[in-house]
Amino acid sequence: MTRSLPLVGFLLLVALFGFGIWWNSRHDPREVPSPLIGKAAPAFVLPHLEDAGQTLSKTSMLGKPYLVNVFASWCIACGDEHPVLMAYAHKLGVPLIGYDYKDEPADAKAWLAQHGNPYDLVIADREGRTAIDFGVYGAPESFLIDAKGVIRYKHIGPFTPDVIERELRPLIARLKQEAP
Amino acid sequence: MKRAILRMVLGFLLAFAGLAAAQAIDPLPFKDHAQEVRFQNLTRQLRCLVCQNENLADSNADLARDLRHEVFGLMQQGRSDDQIKQYLVDRYSDFVLYDPPVKPSTWLLWFGPGLFLLLGAAVVLVTIRKRGRATRIDSRLVDNATIEQGDDW
């Protein structure tokens with residue numbers, strides 16, 4: 001018994017480190033979990049990118065689920081995500097709202113003109129003040145908000161076809177059942 | 001002469017160093033020194049979400065600057081330190097705090113090291129006891145051996 005003790009200890013350590021490697025391969029340790037999931041989205045009123053005179057607010061979006069995608073022209077990962085959004089935006093079945101984060105409106109417009117615009121509407125948060133209420137700490141980030149204005153899902157980092165098929169679409173289907 | 005030039009150069013360098021430092025810490029209109037100390041103390045306890053191993057006070061990240069301004073604005077509104085922390089936790093989870101709060105999900109984090117220390121102490125204790133017993137038996141054997149040898153004499 002005493003002789004096998006070092007071996008047992010070693011195996012325990014192997015199990016512990018193995019678990020650590022497995023866990024980290026599935027979770028990004030840098031990812032900040034959002035405490036807002038399942039809670040009402042913060043109230044917001046933000047101007048349209050194309051026409052700063054018009055605004056979009058949380059209250060005006062109540063009644064139907066929608067997807068908010070935080071992006072910026074300076075954000076490199078957003079460029080990776082962009083083709084995926086171009087391909088899937090029309091298949092999602094919910095409005096896709098672009099949230100231009102801490103960006104020059106002119107840069108954002110040029111970026112969309114060059115790469116294509118997958119969004120039904122783009123709103124601009126130049127100072128990033130509202131983004132703090134949403135707990136945004138980078139781009140891209142995406143929020144799925146239901147008909148009652150509750151945040152149901154957040155994705156940190158670029159969407160991939162896999163994530164859209166596996167996580168986003170089943171959830172959208174469920175939300176649409178909830179809100180006929 | 002040489003010394004005078006050196007002094008002038010040094011003076012210039014110091015003046016510019018001061019200027020650079022003043023620009024690095026983005027200046028906020030504190031109403032007095034006590035408020036500034038409170039601000040520095042509070043932002044040192046908060047994590048920059050972008051760099052993550054830096055606190056809000058030291059970070060140069062854009063978001064850290066925004067959050068510093070946010071903290072400053074909340075202080076101006078007369079919110080307490082705890083209220084400001086809660087405000088950020090509501091948006092960014094406990095992650096934003098450098099010291100995670102003690103609650104069931106963080107018990108292992110807080111008390112784990114103590115647990116391992118106790119475990120180690122127990123192992124050491126058991127080992128020492130065993131060795132102690134073994135040496136006593138050994139010495140008795142040696143004693144017997146000498147006595148036997150003595151008998152041979």
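**Notebook: charged pairs and cysteines**

I began with a pair in chain A and noted that A:Glu141 and A:Lys154 are both buried. I then looked up how they meet, and found a salt bridge whose closest N and O atoms are 3.0 Å apart. Because A:Glu141 lies in strand β6 and A:Lys154 in strand β7 of chain A, I recorded that the pair ties together parts that are 13 residues apart in sequence. I should say here that the model is a predicted one.

Next I turned to A:Arg129 and A:Asp133, whose side chains form a salt bridge at 3.8 Å, N to O. Both belong to helix α5 (residues 129–133) of chain A, and because they are four residues apart, about one helical turn separates them. I noted A:Arg129 as partly exposed at 35% relative accessible area, whereas A:Asp133 is buried at 17%.

In chain B, I found B:Lys103 and B:Asp94 joined by a salt bridge of 2.6 Å, N to O. B:Lys103 is partly exposed, with a relative accessible area of 33%, and B:Asp94 also counts as partly exposed, at 24%. I also wrote down a network in which salt bridges with shared partners join A:Lys102, B:Asp62, B:Arg65 and B:Asp66. Over all chains, my search of the whole structure gave 16 salt bridges.

Last, I checked the cysteines and counted one disulfide over all chains. A:Cys75 and A:Cys78 form it, with their sulfur atoms 2.2 Å apart, and the link is right-handed, with 90 degrees about the S-S bond. Both A:Cys75 and A:Cys78 are buried. For chain B, I noted B:Cys48 as buried at 1% relative accessible area and B:Cys51 as partly exposed at 24%.

Technical notes
Residues numbered from 1 in each chain as written. Chains lettered and ligands numbered in written order. Predicted model: local features only at pLDDT ≥ 70, side-chain atom pairs only at ≥ 80, totals over all residues. Heavy atoms only, no water. Disulfide = S-S within 2.5 Å. Buried < 20%, exposed > 50% of the residue type's maximum accessible area, 1.4 Å probe, protein only. Salt bridge = Lys/Arg side-chain N within 4 Å of Asp/Glu carboxyl O. Helix = DSSP H or I, 4+ residues; strand = E, 2+ residues; numbered from the N terminus.
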